[in-house]
Amino acid sequence: EGIENYLVEKLGKDYPKLLDFNFISLGNKSLVCTKSFNGLGLALPDLSKDYTDQEVILNEAVTFMKDFKYSKFQNIPSKLLGTGEGNCQAMSLVLNAILEKSGLDSEIEIEGDHSRNIVRIGEKNYIIDMAKEEIEIKEVE
(Lines give C-alpha, C1' and ligand atoms only; values in the text may rest on other atoms or scores of the structure.)
Protein backbone atom coordinates (compact mmCIF):
# COMPACT_ATOMS: atom_id res chain seq x y z
CA GLU A 1 0.00 0.00 0.00
CA GLY A 2 2.81 2.41 0.85
CA ILE A 3 4.33 2.23 -2.63
CA GLU A 4 0.94 2.78 -4.26
CA ASN A 5 0.37 5.88 -2.11
CA TYR A 6 3.86 7.09 -3.00
CA LEU A 7 3.19 6.66 -6.74
CA VAL A 8 -0.13 8.51 -6.45
CA GLU A 9 1.63 11.31 -4.54
CA LYS A 10 4.49 11.62 -7.07
CA LEU A 11 2.68 10.87 -10.33
CA GLY A 12 -1.00 11.53 -9.64
CA LYS A 13 -3.95 9.20 -9.37
CA ASP A 14 -3.73 8.24 -13.03
CA TYR A 15 -0.19 6.88 -12.71
CA PRO A 16 -1.15 3.43 -14.11
CA LYS A 17 -1.80 5.18 -17.44
CA LEU A 18 1.70 6.67 -17.33
CA LEU A 19 3.68 3.63 -16.24
CA ASP A 20 3.45 0.02 -17.34
CA PHE A 21 4.84 -1.97 -14.43
CA ASN A 22 4.65 -5.09 -12.31
CA PHE A 23 3.80 -4.40 -8.68
CA ILE A 24 4.96 -7.15 -6.34
CA SER A 25 3.90 -7.04 -2.69
CA LEU A 26 6.24 -8.80 -0.29
CA GLY A 27 4.48 -8.35 3.04
CA ASN A 28 6.27 -5.41 4.60
CA LYS A 29 8.21 -4.68 1.37
CA SER A 30 7.15 -3.91 -2.17
CA LEU A 31 8.89 -4.05 -5.51
CA VAL A 32 7.92 -2.02 -8.57
CA CYS A 33 9.47 -3.19 -11.81
CA THR A 34 8.78 -1.12 -14.89
CA LYS A 35 8.08 -2.99 -18.08
CA SER A 36 9.91 -0.37 -20.11
CA PHE A 37 12.38 -2.96 -21.36
CA ASN A 38 9.51 -4.53 -23.34
CA GLY A 39 9.13 -1.29 -25.25
CA LEU A 40 12.74 -0.93 -26.39
CA GLY A 41 12.35 -3.05 -29.49
CA LEU A 42 13.90 -6.07 -27.81
CA ALA A 43 12.01 -9.15 -28.88
CA LEU A 44 11.03 -11.57 -26.16
CA PRO A 45 10.01 -14.96 -27.49
CA ASP A 46 6.33 -15.92 -27.37
CA LEU A 47 6.66 -19.68 -27.09
CA SER A 48 2.91 -20.31 -27.13
CA LYS A 49 3.01 -19.79 -30.92
CA ASP A 50 5.20 -22.86 -31.38
CA TYR A 51 4.21 -25.15 -28.49
CA THR A 52 1.02 -26.11 -26.69
CA ASP A 53 2.35 -28.21 -23.79
CA GLN A 54 3.11 -25.93 -20.82
CA GLU A 55 6.08 -27.99 -19.63
CA VAL A 56 7.63 -27.79 -23.12
CA ILE A 57 7.10 -24.01 -23.11
CA LEU A 58 8.78 -23.80 -19.70
CA ASN A 59 11.69 -25.92 -20.90
CA GLU A 60 12.15 -23.74 -24.00
CA ALA A 61 12.08 -20.56 -21.89
CA VAL A 62 14.71 -21.94 -19.50
CA THR A 63 16.82 -23.06 -22.48
CA PHE A 64 16.60 -19.52 -23.91
CA MET A 65 17.73 -18.06 -20.55
CA LYS A 66 20.72 -20.42 -20.26
CA ASP A 67 22.58 -18.33 -22.84
CA PHE A 68 22.83 -15.45 -20.35
CA LYS A 69 25.68 -15.17 -17.85
CA TYR A 70 25.43 -14.11 -14.23
CA SER A 71 26.81 -10.65 -13.42
CA LYS A 72 26.33 -9.57 -9.80
CA PHE A 73 25.83 -5.82 -10.28
CA GLN A 74 23.89 -5.71 -13.56
CA ASN A 75 20.18 -5.69 -12.67
CA ILE A 76 18.60 -4.08 -15.75
CA PRO A 77 16.57 -6.45 -17.96
CA SER A 78 17.22 -4.55 -21.20
CA LYS A 79 20.97 -4.72 -20.59
CA LEU A 80 20.69 -8.46 -19.94
CA LEU A 81 19.04 -8.85 -23.33
CA GLY A 82 21.62 -6.57 -24.93
CA THR A 83 24.88 -7.72 -23.34
CA GLY A 84 23.95 -11.25 -22.27
CA GLU A 85 24.84 -10.59 -18.62
CA GLY A 86 22.68 -9.88 -15.58
CA ASN A 87 22.03 -10.68 -11.96
CA CYS A 88 19.15 -12.61 -10.40
CA GLN A 89 16.79 -9.64 -10.66
CA ALA A 90 17.40 -9.07 -14.37
CA MET A 91 17.18 -12.80 -15.10
CA SER A 92 13.98 -13.35 -13.12
CA LEU A 93 12.28 -10.31 -14.68
CA VAL A 94 13.11 -11.38 -18.23
CA LEU A 95 12.12 -15.00 -17.60
CA ASN A 96 8.86 -13.86 -15.98
CA ALA A 97 8.07 -11.64 -18.99
CA ILE A 98 8.68 -14.54 -21.40
CA LEU A 99 6.56 -16.95 -19.35
CA GLU A 100 3.68 -14.49 -18.98
CA LYS A 101 3.81 -13.65 -22.68
CA SER A 102 3.62 -17.37 -23.41
CA GLY A 103 0.57 -17.79 -21.16
CA LEU A 104 2.13 -19.52 -18.16
CA ASP A 105 1.23 -18.77 -14.53
CA SER A 106 4.50 -17.24 -13.32
CA GLU A 107 5.54 -15.06 -10.41
CA ILE A 108 8.75 -13.71 -8.95
CA GLU A 109 9.73 -14.75 -5.44
CA ILE A 110 12.14 -12.57 -3.49
CA GLU A 111 14.00 -13.80 -0.43
CA GLY A 112 16.34 -11.24 1.09
CA ASP A 113 18.35 -9.83 -1.81
CA HIS A 114 17.74 -12.76 -4.17
CA SER A 115 14.95 -13.33 -6.68
CA ARG A 116 13.79 -16.39 -8.59
CA ASN A 117 10.75 -17.54 -10.52
CA ILE A 118 7.90 -19.85 -9.55
CA VAL A 119 5.78 -21.37 -12.30
CA ARG A 120 2.68 -23.38 -11.53
CA ILE A 121 1.74 -26.10 -13.99
CA GLY A 122 -1.00 -28.46 -12.91
CA GLU A 123 -0.22 -29.77 -9.45
CA LYS A 124 3.47 -28.78 -9.55
CA ASN A 125 5.40 -25.63 -8.74
CA TYR A 126 8.61 -25.21 -10.70
CA ILE A 127 11.03 -23.07 -8.71
CA ILE A 128 13.56 -21.68 -11.17
CA ASP A 129 16.72 -19.87 -10.17
CA MET A 130 18.54 -18.89 -13.36
CA ALA A 131 21.36 -17.14 -11.47
CA LYS A 132 22.23 -20.39 -9.68
CA GLU A 133 21.12 -22.57 -12.62
CA GLU A 134 18.77 -24.58 -10.39
CA ILE A 135 15.27 -25.93 -10.93
CA GLU A 136 13.28 -27.50 -8.11
CA ILE A 137 9.90 -29.17 -8.59
CA LYS A 138 7.45 -29.33 -5.68
CA GLU A 139 3.99 -30.82 -5.53
CA VAL A 140 1.32 -28.18 -4.78
CA GLU A 141 0.00 -28.67 -1.26
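This text leads through two strand hairpins of a predicted model and the salt bridges among their residues.

The account begins with strand β5 (residues 105-111) and strand β6 (residues 114-121), which pair in the antiparallel sense over seven bridges. Within this pairing, Ile108 stands opposite Asn117 in β6. The two strands form a hairpin with two residues between them. Gly112 in this hairpin takes a positive phi near 60 degrees.

Charged side chains come next. Side chains of opposite charge can pair when their charged atoms come close. Glu109 forms a salt bridge with Arg116, and the closest N and O atoms of this pair are 2.6 Å apart. Arg116 also meets Glu111 in a salt bridge, with an N to O distance of 3.4 Å. Glu109, Glu111 and Arg116 are thus linked in a network of salt bridges.

How far are the members of this network open to their surroundings? Buried means under 20% relative accessible area and exposed means over 50%. Glu109 has a relative accessible area of 23% and is therefore partly exposed. Arg116, with a relative accessible area of 21%, is likewise partly exposed. For Glu111 the relative accessibility is 48%, so this residue also counts as partly exposed.

The second hairpin consists of strand β7 (residues 124-129) and strand β8 (residues 134-139). β7 and β8 pair in the antiparallel sense over six bridges. Tyr126 stands opposite Ile137 in β8. Four residues lie between the two strands of this hairpin. In the turn, Glu133 has a positive phi of about 55 degrees.

Is strand β8 largely buried or largely in the open? Of its six residues, the number buried is zero, so β8 lies largely in the open. Two residues of the 134-139 stretch illustrate this setting: the side chains of Glu136 and Lys138 meet in a salt bridge, at 3.6 Å from N to O. Glu136 counts as partly exposed because its relative accessibility is 36%, a value between the limits for buried and exposed. Lys138 counts as partly exposed as well, at 42% relative accessibility.

Taken together, the count comes to three salt bridges. Glu109 with Arg116 is one of them, Arg116 with Glu111 is another, and Glu136 with Lys138 also belongs to the count.

Methods: Residues are numbered from 1 along each chain as its sequence is written. This is a predicted model: local features need pLDDT of at least 70, side-chain atom pairs count only at pLDDT 80 or more; totals for chains, interfaces and linings use all residues. Side-chain values use heavy atoms; hydrogens and water are left out. Buried means under 20% relative accessible area, exposed over 50%, partly exposed in between (1.4 Å probe, protein chains only). Two strands pair if DSSP finds at least two bridges between them. A salt bridge is a side-chain nitrogen of Lys or Arg within 4 Å of a carboxyl oxygen of Asp or Glu.
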